[in-house]
Amino acid sequence: LENLRKSPSAVELTGVPWFPRTQKDLERIEGQTMQFGEELEADHPGFLDKEYRKRRSLIAQADKSYRLGMKIPKVNYVQSETSTWKTIYETMEPLRNKHACREFLNAFSAMETAGIMKADHIPQLQTLDDYLNDRTGWRIRPVSGLVSPRNFLNALAVKVFHSTQYIRHHDQPLYTPEPDICHEVLGHIPMLCDPGFAAFSQEIGLASLGASDDDIERLARCYWFTVEFGLCRQDGQVKAYGAGVLSSYGEIEHAIMGSEARTLVDWDPMVASQTDYPITKYQPLYFVANNFTAARHKLVAFTSKEIKRPFGTVFNDERNEVSITWQG
Ligand code: TIH
Ligand code: FE2
């Protein structure tokens, strides 16, 4: 225990997968990305488009050399990319106003007022990182491809969100099966400006530290059904807070209005943790939360009972690091 108080990164808990306790500890997972990234799958709309592939690998290359403490590489988006962004931004506008939860709308309009969110310009991740850090202390790290579920969830515990920087192919602005800058910026980042939502996200991260592979899988499902595709109830209406719903103008209508094509159930981490989901089409099932505080309490009740670890993890806001707690 004395050791643990000293230098967090110097300590390995025996028999438990390594995990970060500070943002700096994430240096250890730098550059580790999987699938997508540069190598597009054969059924990706950009697979045969040479120009598109070149752009993707250029942006990936810059992000690959990113290291903690650096400024996030700036991307000079070309006209076709900005026009994809603009299409999504403008098409989403009325849908957002109708279907997004109030936390999202408040954050979004504050960003518009601050001049960093607009239709004709894709914001730079560094600008968003500074803005977000001022609000909730979260940081953005650029990635060139998918991060493993364990590393991705672990980072949430230390208030770090991994973000892609390339943009989806211009032929399919309506929906993409992989995250891109539109998904991150028009979905995740405004939500992370909300303290209640940020705390919810961090709680999933804290539960994932040192968890078994099975438990990582269960938590990844909880993450998917909330942070990515969560809905909530506000003023008697169903609203969207999940980034995958907020960034896809095809999916948002399907999720909120598609009464026959999808099922809504109350947010229940136990059920969510056991439920499979498709990743290349609209979701058939959505979980609906009452609010982020209640959603977080349900999550904690679930993880403290179901995630088997010989220790607990809490975030120490003053020291900006994870503390280990030992029970019984
Ligand atoms: N389907 C989303 C969109 O089209 O914006 C992107 C993703 C959400 C979750 C994973 S990828
Ligand atoms: Fe996402």
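Where is the place of His-169? In this predicted model, His-169 lies in the loop that runs between β2 and α7. The residue is buried, because its relative accessible area is 3%, and the limit for that class is under 20%. The side chain of His-169 is joined to that of Asp-49 by a polar contact of 2.8 Å. When neighbours within four places in sequence are left aside, the contacts of His-169 are Pro-45, Gly-46, Asp-49 and Tyr-52. Asp-49 is thus named both as a polar partner of the His-169 side chain and as a member of this contact list.

A second buried side chain was examined in helix α6, where Arg-150 is found. Arg-150 counts as buried because its relative accessibility is 15%, and burial is assigned under 20%. The side chain of Arg-150 reaches the backbone oxygen of Ala-211 at 2.8 Å. Ala-211 also appears among the residues that Arg-150 touches, together with Pro-17, Ser-208, Gly-210, Ser-212, Asp-213 and Ile-216, residues up to four places away in sequence not being counted. Between Arg-150 and Ala-220, a separation of 70 residues in sequence corresponds to a C-alpha to C-alpha distance of 8.4 Å in space.

The nonpolar interior was considered next. The largest nonpolar core comprises 80 residues, and within it Trp-85, Leu-153 and Trp-267 have the most contacts. Helix α9, which spans residues 213-228, provides the largest share of this core, with 8 residues. Apart from this core lies another, of 16 residues, including Phe-311, Phe-315, Val-322 and Ile-324. The surroundings of Trp-85 include residues of several kinds: Trp-85 touches Met-117, Lys-118, Ala-119, His-121, Ile-122 and Pro-123, as well as Ile-167, Ile-181, Cys-182, Val-185 and Leu-186, with residues up to four places away in sequence excluded.

Open spaces were then analysed. The largest pocket has a volume of about 780 Å³. Its lining consists of 37 residues, and Leu-146, Pro-179, Tyr-223, Trp-224 and Glu-228 lie nearest the centre of the pocket. At least two lining residues are supplied by each of α6 (149-157), β2 (160-163), α7 (181-192) and α9. The largest share of the lining, 4 residues, comes from α9, the helix that also gives the largest share of the largest nonpolar core. By class, the lining of the largest pocket divides into 19 nonpolar, 12 polar and 6 charged residues.

The second largest pocket has a volume of about 270 Å³. Of its 14 lining residues, Thr-303, Ser-304, Arg-309, Gly-312 and Thr-313 are the closest to the centre. Helix α8 (195-208), helix α13 (292-306) and strand β7 (312-316) each contribute at least two residues to the lining of this pocket. The lining of the second largest pocket has 6 nonpolar, 6 polar and 2 charged residues.

Enclosed spaces were treated separately. The structure holds 3 cavities of 30 Å³ or more. The largest cavity contains about 150 Å³ of space. This cavity is lined by 16 residues, of which Ile-29, Glu-30, Gly-31, Pro-142 and Val-143 are the closest to its centre. Helix α2 (50-64) and strand β1 (139-142) each supply at least two residues of the lining. The lining of the largest cavity divides into 5 nonpolar, 6 polar and 5 charged residues.

Backbone geometry was examined at two loop positions. Asp-235 is placed in the loop between β3 (231-234) and β4 (237-240). The phi angle of Asp-235 is near 50 degrees, a positive value in a residue other than glycine. Asp-235 is classed as exposed because its relative accessible area is 69%, and that class begins over 50%. Asn-320 is found in the loop between β7 and β8 (321-325). For Asn-320, phi is near 55 degrees, likewise a positive value in a residue other than glycine. With a relative accessible area of 34%, Asn-320 is partly exposed. Strand β7, which precedes the loop that holds Asn-320, is also one of the elements that supply at least two residues to the lining of the second largest pocket.

Key:
Residues are numbered from 1 along each chain as its sequence is written. Chains are lettered from A and ligands numbered from 1 in the order in which they are written. Side-chain values use heavy atoms; hydrogens and water are left out. A nonpolar core is a set of buried Ala, Val, Leu, Ile, Met, Phe, Trp, Tyr and Cys residues joined through side-chain atoms within 4.5 Å. Buried means under 20% relative accessible area, exposed over 50%, partly exposed in between (1.4 Å probe, protein chains only). Contact means heavy atoms within 4.5 Å. On a 1 Å grid over the protein atoms alone, a cavity is a set of points where a 1.4 Å probe fits but cannot get out, and a pocket is an open set with protein on both sides within 12 Å along at least five of seven lines; lining residues have an atom within 4 Å of a point. Grid points are joined across faces, edges and corners, and a volume is the space filled by probe spheres set on the points. Ala, Val, Leu, Ile, Met, Phe, Trp, Tyr, Cys and Pro count as nonpolar, Asp, Glu, Lys and Arg as charged, and the others, Gly among them, as polar. A polar contact is a pair of N or O atoms within 3.5 Å; within protein, one must be able to donate a hydrogen and the other to accept it, and residues adjacent in sequence count only if both atoms are side-chain atoms.
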